[in-house]
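Subject: A structure for you to explore

Hi there,

Here is the structure I promised to pass on to you. Have a look at it first, and then read on for what I found.

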Amino acid sequence: MAALAVVETPSGKDAIAEGLLDLLKPAVQQLDLHVHSVRESQVELREHIDNLATELCRINEHQKVALDLDPYVKKLLNARRRVVLVNNILQNAQERLRRLNHNVAKETARRKTMLEASGAFTPRSPSKP
């Protein structure tokens, strides 16, 4: 019966932690890029909503036929408010991701330095014990 033995030495724990950090770092970076992209889209959407609301107000002022566009303008402004709210949430999430990414990089560097200083960090082939 083959069993996976986890070495309970500090270097074994450090190797596992470093592996986890190496695994998570690309995902955090990719997520950060996606959040940044969505935030840019949100800003663009907010600008379009502002332009559309301004244009509707201008049309309403110059319209000879009395069309009540105020409810639509209010809906647009409400949508804009929600876009701003989502953008703020995304900004907070992105900041947390940046801090997490920074902490992952710092912890990885710290652990690598500790391993190199102790002489326990020797790259070896996965097939060798």
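Is arginine 58 buried or partly exposed? Arginine 58 is partly exposed, because its relative accessible area is 41%, and buried would mean under 20%. Please keep in mind that this is a predicted model, so every value here is computed from it.

Let me start with the overall picture. The protein has two helices and zero strands. Of its 129 residues, 20% count as buried. About 10,000 Å² of the protein is exposed, and carbon and sulfur atoms supply 60% of that area. Among contacts between residues at least 6 apart in sequence, 77% join residues at least 24 apart.

Next, the nonpolar core. The largest one has eight residues: Ile49, Ala53, Leu56, Leu69, Val73, Leu76, Ala79 and Val83. Helix H1 (10–62) and helix H2 (70–118) each supply at least two of these core residues, and H2 gives the largest share, with four. Leucine 56 is a good place to zoom in: beyond its neighbours within four places in sequence, leucine 56 is in contact with Leu69, Tyr72, Val73 and Leu76.

Now for the charged residues. Side chains of opposite charge can pair when their charged atoms come close. There are five salt bridges in the model. One of them joins the side chains of glutamate 55 and arginine 58, at 2.2 Å from N to O. These two residues are three apart in helix H1, so about one helical turn separates them. Glutamate 55 is partly exposed too, at 32% relative accessibility.

Helix H2 has salt bridges as well. Arginine 99 pairs with glutamate 95, with the closest N and O atoms 4.0 Å apart. Glutamate 107 pairs with arginine 110, where the closest N and O atoms are 2.6 Å apart. That second pair lies three residues apart in helix H2, about one turn of the helix. Salt bridges with shared partners link Glu107, Arg110 and Arg111 into one network.

Finally, take a look at arginine 39, in helix H1. Arginine 39 is buried yet has no salt bridge, and the nearest side chain of opposite charge, glutamate 95, is 7.4 Å away. What arginine 39 does have is a polar contact of 2.6 Å between its side chain and that of glutamine 94. Leaving aside neighbours within four places in sequence, arginine 39 is in contact with Asn87, Leu90, Gln91 and Gln94.

Enjoy exploring!

Best wishes

Note on methods
Residues numbered from 1 in each chain as written. Predicted model: local features only at pLDDT ≥ 70, side-chain atom pairs only at ≥ 80, totals over all residues. Heavy atoms only, no water. Buried < 20%, exposed > 50% of the residue type's maximum accessible area, 1.4 Å probe, protein only. Contact = heavy atoms within 4.5 Å. Areas by Shrake-Rupley, 256 points an atom, 1.4 Å probe, with all protein chains shown as cover. Core = buried A, V, L, I, M, F, W, Y, C linked by side-chain atoms within 4.5 Å. Lys, Arg positive; Asp, Glu negative; His and termini not counted. Polar contact = N/O pair within 3.5 Å; in protein donor to acceptor, adjacent residues only side chain to side chain.
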